[in-house]
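Reader: I have a protein model open and I am new to this. Could you show me how to read its features?

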Amino acid sequence: MVSRAWRDGLGRVVAAPAIVAGVFLVTLLAALPLALTLRDALRDHLGASLAANDAANGVNYDWWQEFSSQATGIGTTFTPSVIGFATTLDSVSGLLEARTPVTPIAAALAIYVAAWIFMSGGIIDRYARGHRVGAHGFFAASGTFFFRFLRLGVVAAAVYWFLFAYVHQWLFTKWYVNMTRDVPFERAAFYWRLLMYAIFTALLALTTTVLDYAKVRAVMEDRRSMAGALIAATRFIVRHPWRVAGVYLLNAALFLAVVAVWAVVAPGAGGAGASMWAGVLASQCYILARLVVKLQFLASETALFQRSLAHWGYTAAPIALATVPPVVDGNSKCKMQNANPT
């Protein structure tokens, strides 16, 4: 059941390339303003100086330190961690350490999350039906579930806030400190910190899983109550814990495989020209792969729910079809006028 649902989900993702292209475009548009702002800041600081030539040909550490000392806003994120695989490590570290992003990134992230909330209904509906629904059907489903998922997002935001504001603090500033206060070896303290990371990551994964299945049940059963969807999702997870965990672990393994490949092929700080564009292409391929994994989570969860309840291809809401306006040709119009001379 688990492997079949996982393969089924992957097949649904592959069968809907328009969704992959759409989420990639949304990701690109969300990041583009930040990239342009940072580009302008770098260009203004470099100008036509000799440092500009050095920066174009590689890494000018002295100039980088000078830029970082006066940078503000999005410029403060331009650190050595933006090079190659260090970006991934920095992102994971920022999540586990609960670092607050700078205001421009937080604003862009909020817009991006809102876009995902809007698209989620259409994505799950497409994967649940297992066939093309057209642009009208996709956006109709997205619009139908947007405000429902927005209410669910409020609940999700409250849960995540509690996890980062209180649970994270309790794990890392209280429990970890108490457990390592009298530890004589650094290795033991390191293992305790790994345990804290594992617990916190498991809580995040459980929260995300419950929210995903709540979305799946809301779409497939056309639920209007998000509280009911959350209860139904929790009930499904409790009744099928090994299936849910198995699908999640397979998706997590796929994610780790993508990250491992990126760790091997991630480009360093190259110069201008072909090496620069090769690095850009490799980075975009990695982002695309990450998005495919994210879609695979939703598709495989949808497939598992349908296979568990024998709901293959079923959704409660009817598919929305675009209305075709009537076309009246010239001969028909003339006949109508002759039949009604008045």
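Author: Happy to help; we will go from the overall fold to single residues. Please keep in mind that this is a predicted model.

Reader: How many helices and strands does the chain have?

Author: The count is 12 helices and 0 strands. Read from start to end, the pattern is α-α-α-α-α-α-α-α-α-α-α-α.

Reader: What share of the chain is buried?

Author: Of its 342 residues, 35% count as buried. The chain as a whole exposes about 19,700 Å², and carbon and sulfur atoms supply 68% of that area.

Reader: Which contacts can I look at to see how distant parts of the sequence meet?

Author: Take the contacts with a separation of 6 or more: residues 24 or more positions apart account for 77% of them.

Reader: Let us go to single residues. Is Ser-300 buried or exposed?

Author: Ser-300 is buried, because its relative accessible area is 0% and buried means under 20%. This residue sits in helix 11, which covers residues 274-309.

Reader: Which residues does Ser-300 touch, leaving out those up to four places away in sequence?

Author: Those are Ala-5, Trp-6, Gly-9, Val-247 and Asn-251. With Asn-251 there is also a polar contact between the two side chains, at 2.9 Å.

Reader: Where does Ala-229 lie?

Author: Look in helix 9, residues 226-239. Ala-229 is buried too, with 0% relative accessibility. Beyond its neighbours within four places in sequence, Ala-229 is in contact with Ala-214, Ala-218 and Arg-223.

Reader: Now for charged side chains. What is the idea behind a salt bridge?

Author: Side chains of opposite charge can pair when their charged atoms come close. A search of this whole structure finds 7 salt bridges. One of them joins Arg-307 to Asp-8, with the closest N and O atoms 3.6 Å apart. Arg-307 belongs to helix 11 and Asp-8 to helix 1 (residues 2-14), so this pair ties together parts that are 299 residues apart in sequence.

Reader: Are the two partners buried or exposed?

Author: Asp-8 counts as buried at 14% relative accessibility, whereas Arg-307 is partly exposed at 35%.

Reader: Which other salt bridges could I find?

Author: Try Glu-221 and Arg-223, where the closest N and O atoms are 2.5 Å apart. Glu-221 is partly exposed at 23% relative accessible area, and Arg-223 is partly exposed at 22%. Salt bridges can also share partners: Asp-8, Arg-12 and Arg-307 are joined in this way into one network.

Reader: How many aromatic pairs does a search of the whole structure find?

Author: It finds 13 aromatic pairs. In one of them, Phe-164 and Phe-200 meet edge-to-face, 5.2 Å from centre to centre and with 80 degrees between the planes. Phe-164 is in helix 7 (residues 134-180) and Phe-200 in helix 8 (residues 186-220), so the pair links parts 36 residues apart in sequence. Phe-200 is buried at 0% relative accessible area, while Phe-164 is partly exposed at 26%. Elsewhere, ring pairs link Phe-118, Phe-138, Phe-139, Phe-146 and Phe-147 into a cluster.

Reader: Last topic, the surface. Which residues make the nonpolar patch of about 430 Å²?

Author: Leu-25, Leu-28, Leu-29, Leu-32 and Leu-36 make that patch. Leu-29, for example, is found in helix 2, residues 17-46. Its relative accessible area is 51%, so Leu-29 is exposed, the cut-off being over 50%.

Notes: Residues are numbered from 1 along each chain as its sequence is written. This is a predicted model: local features need pLDDT of at least 70, side-chain atom pairs count only at pLDDT 80 or more; totals for chains, interfaces and linings use all residues. Side-chain values use heavy atoms; hydrogens and water are left out. Patches are made of residues with over 30% relative accessible area and no salt bridge: like charges are joined within 9 Å, nonpolar side chains (Val, Leu, Ile, Met, Phe, Trp, Tyr) within 5 Å. Accessible areas come from the Shrake-Rupley method with a 1.4 Å probe; for residues, only the protein chains shown count as cover. A salt bridge is a side-chain nitrogen of Lys or Arg within 4 Å of a carboxyl oxygen of Asp or Glu. Helices (H or I, at least four residues) and strands (E, at least two) are DSSP runs, numbered from the N terminus. Buried means under 20% relative accessible area, exposed over 50%, partly exposed in between (1.4 Å probe, protein chains only). Contact means heavy atoms within 4.5 Å. A polar contact is a pair of N or O atoms within 3.5 Å; within protein, one must be able to donate a hydrogen and the other to accept it, and residues adjacent in sequence count only if both atoms are side-chain atoms. Rings of Phe, Tyr and Trp (its six-membered ring) pair if their centres lie within 6.5 Å; planes under 30 degrees apart count as stacked, over 60 as edge-to-face and the rest as tilted.
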